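Trainee: I should like to take a close look at a single part of this model, namely its sheet. Could you describe how that part is built and what surrounds it?

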Amino acid sequence: MQNVNLKVEGMSCGHCVNSIEGAVKKLGASAKVDLGSKSVALQFDESKVSLSAIKEAIEDQGYDVV
């Protein structure tokens with residue numbers, strides 16, 4: 001399992017948390033959003049999903065991975 005922390009801009013509320021965590025879950029990974037630090041802690045199996053696919057899924061929800 002791979003553990004990665006991403007900085008994500010544009011998150012401000014519970015809807016943001018649900019959008020990101022839901023999009024990542026659909027890929028078979030898990031995410032824990034921290035609005036205070038504007039970060040997303042990811043855990044995923046790199047043999048099943050790539051980090052770039054996860055970043056793309058977050059950006060497709062309207063947020064900026066920095």
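Mentor: The sheet of this predicted model is open and consists of four strands, arranged in the order 2-3-1-4 with antiparallel pairing. Strand 2, residues 30-34, and strand 4, residues 64-65, occupy the edges. Each of these two has a single partner strand, and therefore one side of each is left without a neighbour in the sheet. As a general point, strands of a sheet pair through backbone hydrogen bonds, in either a parallel or an antiparallel manner.

Let us take the pairings of strand 1 in turn. Strand 1 covers residues 2-9 and pairs with strand 4 in the antiparallel sense over two bridges. In this pairing, glutamate 9 is placed opposite aspartate 64 of strand 4. Strand 1 is also joined to strand 3, here by six bridges, and these two strands again run antiparallel. Within that pairing, lysine 7 faces serine 39 of strand 3.

Two helices accompany the four strands in the protein chain, and the order along the sequence is β-α-β-β-α-β. Helix 2, formed by residues 51-60, lies across strand 1, strand 3 and strand 4, and runs at about 30° to strand 1.

Strand 1 pairs with strand 4 over two bridges, as noted above. Helix 1, residues 14-26, packs on the sheet and touches strand 1, strand 2 and strand 3, the last of these spanning residues 39-44. The direction of helix 1 makes about 160° with that of strand 2. Serine 19 belongs to helix 1. With a relative accessible area of 13%, serine 19 is buried, because the limit for that class is under 20%. Leaving aside residues up to four places away in sequence, serine 19 touches Gln61 and Tyr63.

Glutamate 9 deserves a second look, for besides standing opposite aspartate 64 it takes part in a salt bridge with lysine 38. The side chains of lysine 38 and glutamate 9 meet at 3.8 Å, N to O, and the structure holds one salt bridge. Lysine 38 lies in the loop between strand 2 and strand 3, whereas glutamate 9 lies in strand 1, so the pair ties together parts that are 29 residues apart in sequence. Lysine 38 is partly exposed, at a relative accessible area of 37%. Glutamate 9 is likewise partly exposed, its relative accessibility being 34%.

The setting of the sheet may be completed with the values for the whole chain. Of the contacts in the protein chain with a separation of 6 or more, 60% are accounted for by residues 24 or more positions apart. Of its 66 residues, 35% count as buried. The protein chain exposes about 4000 Å², of which carbon and sulfur atoms supply 45%. Along the principal axes, the C-alpha atoms fill a box of roughly 30 × 20 × 20 Å. The radius of gyration of the protein chain is 11 Å, which agrees with the value near 11 Å for a compact globule with 66 residues.

Conventions: Residues numbered from 1 in each chain as written. Predicted model: local features only at pLDDT ≥ 70, side-chain atom pairs only at ≥ 80, totals over all residues. Heavy atoms only, no water. Pairing = 2+ DSSP bridges. Contact = heavy atoms within 4.5 Å. Axes fitted to C-alpha atoms, helices over the stretch in contact; angles between N-to-C directions. Rg over C-alpha atoms; globule rule 2.2 N^0.38 Å. Buried < 20%, exposed > 50% of the residue type's maximum accessible area, 1.4 Å probe, protein only. Areas by Shrake-Rupley, 256 points an atom, 1.4 Å probe, with all protein chains shown as cover. Salt bridge = Lys/Arg side-chain N within 4 Å of Asp/Glu carboxyl O.
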